[in-house]
Amino acid sequence: MRAQTLFAYMPPPVAALGEEARVHLRAARLWVMLARTGRSPRLVLGALLGGAAGSFSALMDRLVTSWPDPFTTFPPCASRVSPDEHVLLTLLACAEADAAPNFHEVLTDMLPAVERQRLWTAACRLMAERIGAG
């Protein structure tokens with residue numbers, strides 16, 4: 001007999017994401033892949049994110065150091081979104097919408113308030129740069 005779960009994560013397909021979310025997803029996957037090999041992701045991300053590459057890298061630096069487990073991404077060619085990638089995209093959508101309560105709610109069981117606030121500040125900085133560039 002199979003165990004029943006109350007919650008089963010079904011990763012959304014990358015094709016269902018909006019253009020901006022796909023850019024952020026690709027940037028996150030590249031950032032993690034390059035960081036794992038000891039290479040600086042900032043240079044590679046410049047072509048993808050323009051002037052916001054530094055803010056994206058700062059957000060990812062903060063995120064991976066505060067995350068309770070290793071931040072998990074799927075390979076760049078994967079057609080689905082990992083649970084951690086999905087949280088990141090949700091956080092960026094909250095920052096873009098200036099929805100701080102929603103942002104903090106997503107992370108409340110994972111991170112202390114101080115870390116949530118640092119991530120909020122970094123996410124808002126990134127989204128302000130991305131919106132200003134658009």
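## A guided tour of the helix contacts

Select Val23, His24, Arg26, Ala27, Leu30, Trp31, Leu34 and Ala35 in H1, then add Pro41, Val44, Leu45, Leu48 and Leu49 in H2: these two sets of residues meet. By class, this contact of H1 with H2 comprises 11 nonpolar residues, 1 polar residue and 1 charged residue. Please note that the model on display is predicted.

Next, show the axes of the two helices. Those of H1 and H2, the latter covering residues 41–49, come within 9 Å of each other and cross at roughly 165 degrees. Since angles over 145 degrees count as roughly antiparallel, H1 is roughly antiparallel to H2. The crossing in which H1 passes H2 is right-handed.

Now isolate H1 by selecting residues 19–36. What span should its 18 residues have at 1.5 Å a residue? The expected value is 26 Å, and the C-alpha atoms at the two ends are 26 Å apart, so the model agrees with the expectation. Colouring H1 by accessibility brings out its buried residues, which are Val23, His24, Leu25, Ala27, Ala28, Arg29, Leu30, Trp31, Val32 and Leu34. Just after H1, centre the view on glycine 38, where phi is positive at about 80 degrees.

From here, move to arginine 36 and threonine 108 and draw a line between their C-alpha atoms. The two residues are 72 apart in sequence, and their C-alpha atoms are separated by 27 Å in space. Threonine 108 is located in the loop that lies between H5 and helix H6 (113–133). Is threonine 108 buried, exposed or partly exposed? Its relative accessible area is 41%, and threonine 108 is therefore partly exposed.

The final stop is the pair formed by helix H4 (residues 83–96) and helix H5 (residues 100–107), whose axes lie 8 Å apart and make an angle of about 160 degrees. This angle makes H4 roughly antiparallel to H5. The crossing of H4 and H5 is left-handed. To display the contact, select Val87, Thr90, Leu91 and Cys94 on H4, together with Asn102, Phe103, Val106 and Leu107 on H5. Sorted by class, the residues joining H4 to H5 are 6 nonpolar and 2 polar, with no charged residue.

To conclude, display both helix pairs together. H1 passes H2 with a right-handed crossing, whereas H4 and H5 cross in the left-handed sense.

Technical notes: Residues are numbered from 1 along each chain as its sequence is written. This is a predicted model: local features need pLDDT of at least 70, side-chain atom pairs count only at pLDDT 80 or more; totals for chains, interfaces and linings use all residues. Side-chain values use heavy atoms; hydrogens and water are left out. Helices (H or I, at least four residues) and strands (E, at least two) are DSSP runs, numbered from the N terminus. The expected span of a helix is 1.5 Å times one less than its number of residues. Buried means under 20% relative accessible area, exposed over 50%, partly exposed in between (1.4 Å probe, protein chains only). Axes are lines fitted to C-alpha atoms, for helices over the stretch in contact, and angles run from 0 to 180 degrees between N-to-C directions. Angles under 35 degrees count as roughly parallel, over 145 as roughly antiparallel, 65 to 115 as roughly perpendicular and the rest as oblique. A crossing is left-handed if the near helix is turned anticlockwise from the far one by less than a right angle, and right-handed if clockwise. Contact means heavy atoms within 4.5 Å. Ala, Val, Leu, Ile, Met, Phe, Trp, Tyr, Cys and Pro count as nonpolar, Asp, Glu, Lys and Arg as charged, and the others, Gly among them, as polar.
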